[in-house]
Amino acid sequence: MILDTDYKWFKFINERVSTYPLMDHLMIFFAEYVQYAFVLLLIMLWWRNKKNNRVIVFQALFAFSLSYTVNRLIELFLYRERPFITHDIVQLVEHAANSSFPSDHAASAISIAATLMMVTLGYRYVWCLFAILIAFSRVWVGVHYPFDVLAGALIGALIALVTHFILIKMKPIADFLRRPIFNP
């Protein structure tokens, strides 16, 4: 039932691909390149070294790493073929024929964006919008089903919350973040 609904949503979206060339180019840009904007942001925050910037970078990278690890563990037990393997679709970007579930791009982008939302960094809504567009673009370009992206986004958001409210406050990590490298 869920997989049937998931495919119906995917098909609804995929039927619009190639109908709107501007949208196709925008979605390719978000699916393939905008993720590097997050990397550049974290590098810039580290170099600026203003109050808490390096702690924010550490927290975002910690959440990103955990969400990626959780995705790898899930893929050990749940394998789902990508839409371009199981269906005749319009695919806008090349991708390996590995497991589609859950979406690494969605988990990664959402974990970083959710971290930025919680630490009240300027332009946080822009980063959140970027993360949502990255996640949606993965469906548009034909490499994920909507449920893959929703699961990845949920994993990213939950990991960001656990990292922010629990893990970063644990004594060993809190002590580590008091080191001079994290404080200007």
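**Exercise 1. Find which residues histidine 164 touches, leaving out those up to four places away in sequence, then decide whether histidine 164 is buried or exposed.**

Solution. Remember that we're working with a predicted model here.

- Step 1: the contacts of histidine 164 are Gln59, Met118, Val119 and Lys169, once residues up to four places away in sequence are dropped.
- Step 2: place the residue; histidine 164 belongs to helix H8, residues 146-165.
- Step 3: the relative accessibility of histidine 164 is 14%. Buried means under 20%, so histidine 164 counts as buried.

**Exercise 2. Do the same for valine 149: which residues is it in contact with, beyond four places in sequence?**

Solution.

- Step 1: valine 149 also sits in helix H8.
- Step 2: setting aside neighbours within four places, valine 149 is in contact with Ser103, Ala106, Ala135, Phe136, Arg138, Val139 and His144.
- Step 3: with a relative accessible area of 8%, valine 149 is buried.
- Step 4: for a distance check, take aspartate 88, which is 61 residues from valine 149 along the chain; their C-alpha atoms are 20 Å apart.

**Exercise 3. Work out how helices H2 and H7 pack.**

Solution.

- Step 1: H2 (residues 21-32) and H7 (residues 124-140) meet at about 115 degrees, and their axes are 8 Å apart. That angle makes H2 roughly perpendicular to H7.
- Step 2: the crossing of H2 past H7 is left-handed.
- Step 3: H2 brings Met23, Asp24, Met27, Phe30, Ala31 and Glu32 to the contact, while H7 brings Phe130, Leu133, Ile134, Phe136, Ser137, Arg138 and Trp140.
- Step 4: sort that contact by class and you get nine nonpolar, one polar and three charged residues.

Key
Residues numbered from 1 in each chain as written. Predicted model: local features only at pLDDT ≥ 70, side-chain atom pairs only at ≥ 80, totals over all residues. Heavy atoms only, no water. Axes fitted to C-alpha atoms, helices over the stretch in contact; angles between N-to-C directions. Helix = DSSP H or I, 4+ residues; strand = E, 2+ residues; numbered from the N terminus. Parallel < 35°, antiparallel > 145°, perpendicular 65-115°, else oblique. Left-handed = near helix turned anticlockwise from the far one by under 90°. Contact = heavy atoms within 4.5 Å. Nonpolar A, V, L, I, M, F, W, Y, C, P; charged D, E, K, R; others polar. Buried < 20%, exposed > 50% of the residue type's maximum accessible area, 1.4 Å probe, protein only.
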